[in-house]
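This briefing is for a reader new to the structure. It covers a sheet, a helix that lies across part of the sheet, and a pair of helices.

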Amino acid sequence: MKDYFPQFDLTGYAVYQPLTPSTAAIQAENLTFFSRLGSIGLGKFGDVWKGELRTKQGAASVALRQVTENVPDIMQIVKYLQKLPNHQNIVKCLGYCEEYRTTVHEFVSGGTLLTFLQFNNQSSKSPYGNIKPAKPRFDESKLLKFAWQVAKGMEFLASNKIIHGNLCAHNIMMTEDRICKISDYGMTSFMPLSGSKPTRWMSPEGMQNKKWSIEGDVWSYGILLWEIVTLGARPYPKMTMDMVKQQVTKGYRMPRPSHCGQELYSIMTSCWEMEPEKRCSYNAIQRKLEPTMEVYHEYLSLQNLDERLYESVADITV
């Protein structure tokens with residue numbers, strides 16, 4: 001069974017393309033459910049399973065998300081998501097099976113960013129309980145690489161008018177070679193927020209007015225950046241959700257962690273402007289992060305090469 005279908009091998013680097021059906025409507029006989037993906041399965045819309053998608057070109061491992069809530073016009077939404085250009089920092093949506101009420105996605109085998117951060121952390125007596133380990137297993141530059149990748153993926157979604165609505169480290173998947181890919185996007189913006197509970201990643205206007213927006217996602221990105229810096233700590237530590245909602249809508253912002261540089265903290269606070277239109281853009285966030293990532297210049301160049309190659313790859317038909 002193939003997880004990916006090799007397309008090009010230029011300058012010694014292979015570029016892989018997930019097997020992609022030509023239609024968003026996937027028949028039940030082409031899907032097999034294998035196993036529930038543990039904590040990854042605690043999705044907003046239902047459990048997530050590892051499975052298999054069979055096409056004329058072969059079989060591929062896929063992630064299957066069961067849709068438990070009523071999403072109006074779900075097939076039209078999935079058709080739009082499936083036709084999006086491939087992006088290295090986005091989990092590809094492959095289609096929807098109406099019989100199983102399940103969306104089908106590219107399978108990413110490395111777990112979530114949150115689990116990765118916490119697993120690579122070591123015990124500490126810091127106020128946050130899990131930050132600044134005495135012997136870090138990766139340095140700040142590598143952490144900022146993750147933040148840069150997420151910003152690049154979110155810029156792609158925003159440019160395609162897609163609101164995430166639930167951006168957090170738990171919804172960022174990791175490949176085996178440590179590439180961040182954004183998941184669980186595309187459905188939230190088509191659903192009413194009225195029945196949703198506030199979260200620690202939600203913007204003040206989201207908590208008050210219950211509105212999804214791209215600017216609200218920028219706020220959430222700032223919280224995710226704080227998660228990365230603190231190696232997966234829980235935002236607003238020692239505060240209940242009621243306290244978070246009350247204080248954030250009054251202007252409270254999490255203070256700068258003692259080990260976090262002022263320049264990085266300024267990126268967080270630029271995402272946490274009370275007025276949505278004043279928040280930093282994803283493009284500006286990338287520009288601010290890049291000077292600290294010069295050692296990863298080769299990685300950035302290769303990612304741009306991969307994206308150019310992705311654009312020239314034809315879809316695989318069923």
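Two strands pair if DSSP finds at least two bridges between them. The model described here is predicted. In it, five strands form an open sheet with antiparallel pairing.

**The sheet**

- The strands of the open sheet follow the order β3-β4-β5-β7-β6.
- At the edges are β3 (31–36) and β6 (93–97), each of which pairs on one side only.
- From one strand to the next, the twist averages 35°.
- In general, the strands of a sheet pair through backbone hydrogen bonds, and the pairing is either parallel or antiparallel.

**The pairing of β3 and β4**

- β3 and strand β4 (residues 48–55) run antiparallel and are joined by five bridges.
- Opposite L31 stands L53, a residue of β4.

**A helix across the sheet**

- Helix α1 (residues 74–82) lies across two strands, β6 and β7 (102–106).
- The direction of α1 is at about 160° to β6.

**The packing of α5 and α8**

- Helix α5 (residues 214–229) packs with helix α8 (residues 282–289) at an angle of about 25°, and angles under 35 degrees count as roughly parallel.
- α5 and α8 are therefore roughly parallel to each other.
- The axes of α5 and α8 are 11 Å apart.
- On the α5 side, the contact is made by I214, D217, V218 and Y221.
- On the α8 side, the residues in contact are Y282, I285 and L289.
- By class, the contact of α5 with α8 has six nonpolar residues, one charged residue and no polar ones.

Notes: Residues are numbered from 1 along each chain as its sequence is written. This is a predicted model: local features need pLDDT of at least 70, side-chain atom pairs count only at pLDDT 80 or more; totals for chains, interfaces and linings use all residues. Side-chain values use heavy atoms; hydrogens and water are left out. Axes are lines fitted to C-alpha atoms, for helices over the stretch in contact, and angles run from 0 to 180 degrees between N-to-C directions. Helices (H or I, at least four residues) and strands (E, at least two) are DSSP runs, numbered from the N terminus. Angles under 35 degrees count as roughly parallel, over 145 as roughly antiparallel, 65 to 115 as roughly perpendicular and the rest as oblique. Contact means heavy atoms within 4.5 Å. Ala, Val, Leu, Ile, Met, Phe, Trp, Tyr, Cys and Pro count as nonpolar, Asp, Glu, Lys and Arg as charged, and the others, Gly among them, as polar.
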